[in-house]
Amino acid sequence: MEPLTREAIAAHLGTRWLGRALHCFDELDSTNTTAREMAAAGAPDGTVVIADAQRRGRGRLGRAWVSPARKNLYVSIVLRSDVPAERLAQVSLLAGVATCEAVRELCSDAAIKWPNDILVGGRKTAGILCEMDASGAAPLVVLGIGVNLNSAIDDFPDELRDKATSLQLARHGLAVDRARFTAQLLTRLEAHVDVWRRRGFAPIATAWRALAPLIGRRIHVQEPGGDVVGTALALDDDGALRIRLDDGAEHRVIAGDVTVVGGYS
Ligand code: BTN
């Protein structure tokens, strides 16, 4: 496939501030790492870093993100918001909403799985890694988004083949125009960040709930400290998932992997 270029993305981009500084690379270790370095060197709010391939793509919970060349989208965005640590999850939920909406344009059954995995046909097609850097004078957030647009099944390692997919696979082989998709995603992201900065988390939480058919469902959560089973009750404002355990107690899940008992749809 063609490399993803600044010009091709700019031709479709409808943003005011996000992506004014937009850098495309052939290959990086991780777009999140480069975005953090650029931010440390003074890159402005809304700087976008894209790579056609990543040597060390990072996922949540210390996992790797499979990043084959010229097929998918690997993007990181610098947000110069003074976000208190307890509101950081709001930014990644916001990114999940923007990503799910962009994916729905192409696959109408896309849904969010807590916290912000995007599933199509029950398989993961996008993930978000939101990192905060408080080491400089002004704290900042780097929002990393990976979307499997045109991966073939062989691009995934064996252990992911029944859990992951790409939009091309979900669309029976119809390839996705990466530049158009990228512009769509960035445009939606800017709109949601604007709303969040003006009006706070409530409108984002409402949009998230509409895209995540989870509340009221029976779920199994693998948490770093062990597994729990219960019924999903609500999304809290700090991004935690509140659940009712079988003994009646309430429990807040801060980090972990959710499986919906009986399948997610
Ligand atoms: C997850 O585990 O679901 C999060 C995956 C995040 C992957 C993206 S790809 C662009 C950015 N750079 C990285 O190294 N990771 C994120």
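User: Where is Pro115 found?

Analyst: This is a predicted model, and in it Pro115 is found in the loop between E4 and strand E5, which covers residues 117-120.

User: What kind of peptide bond joins Trp114 and Pro115?

Analyst: Start with the general idea: most peptide bonds are trans. The bond that joins Trp114 and Pro115 is cis, with omega at about 0°.

User: Which sign does the phi of Leu61 have, positive or negative?

Analyst: Most residues other than glycine have a negative phi. Leu61 is not a glycine, yet its phi is positive, at about 55°. Look for Leu61 in the loop between strand E2 (48-51) and E3.

User: How many strands form the sheet that holds E4, and in what order?

Analyst: Strands of a sheet pair through backbone hydrogen bonds, either parallel or antiparallel. Here 7 strands form an open sheet with mixed pairing, and the order is E1-E2-E3-E7-E6-E5-E4. Strand E1 (22-25) and strand E4 (111-113) stand at the edges with a single partner strand each, so each has one side without a neighbour in the sheet. On average, neighbouring strands of this sheet are turned by 20° against each other, direction ignored.

User: In which sense do E6 and E7 pair, and over how many bridges?

Analyst: The pairing of E6 and E7 is antiparallel and runs over 8 bridges. To find one of them in the structure, go to Cys130, whose bridge partner in E7 is Leu143.

User: What is the strand order in the sheet that contains E8?

Analyst: That open sheet has 5 strands in the order E11-E10-E9-E8-E12, with antiparallel pairing. Its edge strands are strand E11 (250-253) and strand E12 (257-260), each of which pairs on one side only. Neighbouring strands in this sheet are turned by 45° against each other on average, again with direction ignored.

User: How many bridges join E8 to E12?

Analyst: Strand E8, residues 218-223, is joined to E12 by 4 bridges, and the two run antiparallel. Within this pair, Gln222 stands opposite Asp257 of E12.

User: How many residues lie between E10 and E11 in their hairpin?

Analyst: There are 4 residues between E10 and E11 in the hairpin, and Gly248 in the turn has a positive phi of about 95°. The strands themselves run antiparallel: 4 bridges join strand E10 (residues 241-245) to E11. Arg242 stands opposite Arg252 in E11.

User: Now the ligand. Which residues come nearest to the ligand?

Analyst: There are 20 residues around the ligand, and Ser30, Gln54, Arg58, Arg60 and Lys124 come nearest. The space that the ligand takes is the largest pocket.

User: Which polar atoms of Arg58, Arg60 and Lys124 should I look at?

Analyst: For Arg58, look at the backbone: one of its polar atoms is 2.7 Å from a nitrogen atom of the ligand. Arg60 also uses a backbone N or O atom, which lies 2.6 Å from an oxygen atom of the ligand. With Lys124, turn to the side chain, where an N or O atom is 2.6 Å from an oxygen atom of the ligand.

User: How much of the ligand does the protein bury?

Analyst: The ligand taken alone exposes 410 Å², and the protein buries 98% of that.

User: Which elements give two or more residues to the shell around the ligand?

Analyst: They are helix H2 (31-40), strand E3 (73-79), strand E6 (123-133) and strand E7 (140-147). E6 gives the most, with 4 residues.

Definitions and conventions:
Residues numbered from 1 in each chain as written. Predicted model: local features only at pLDDT ≥ 70, side-chain atom pairs only at ≥ 80, totals over all residues. Heavy atoms only, no water. Pairing = 2+ DSSP bridges. Axes fitted to C-alpha atoms, helices over the stretch in contact; angles between N-to-C directions. Near = heavy atom within 4 Å. Polar contact = N/O pair within 3.5 Å; in protein donor to acceptor, adjacent residues only side chain to side chain. Areas by Shrake-Rupley, 256 points an atom, 1.4 Å probe, with all protein chains shown as cover. 1 Å grid on protein atoms, 1.4 Å probe; cavity = no way out; pocket = protein on both sides within 12 Å on 5 of 7 lines; lining within 4 Å. Sits in = over half its atoms within 2 Å of the grid points.
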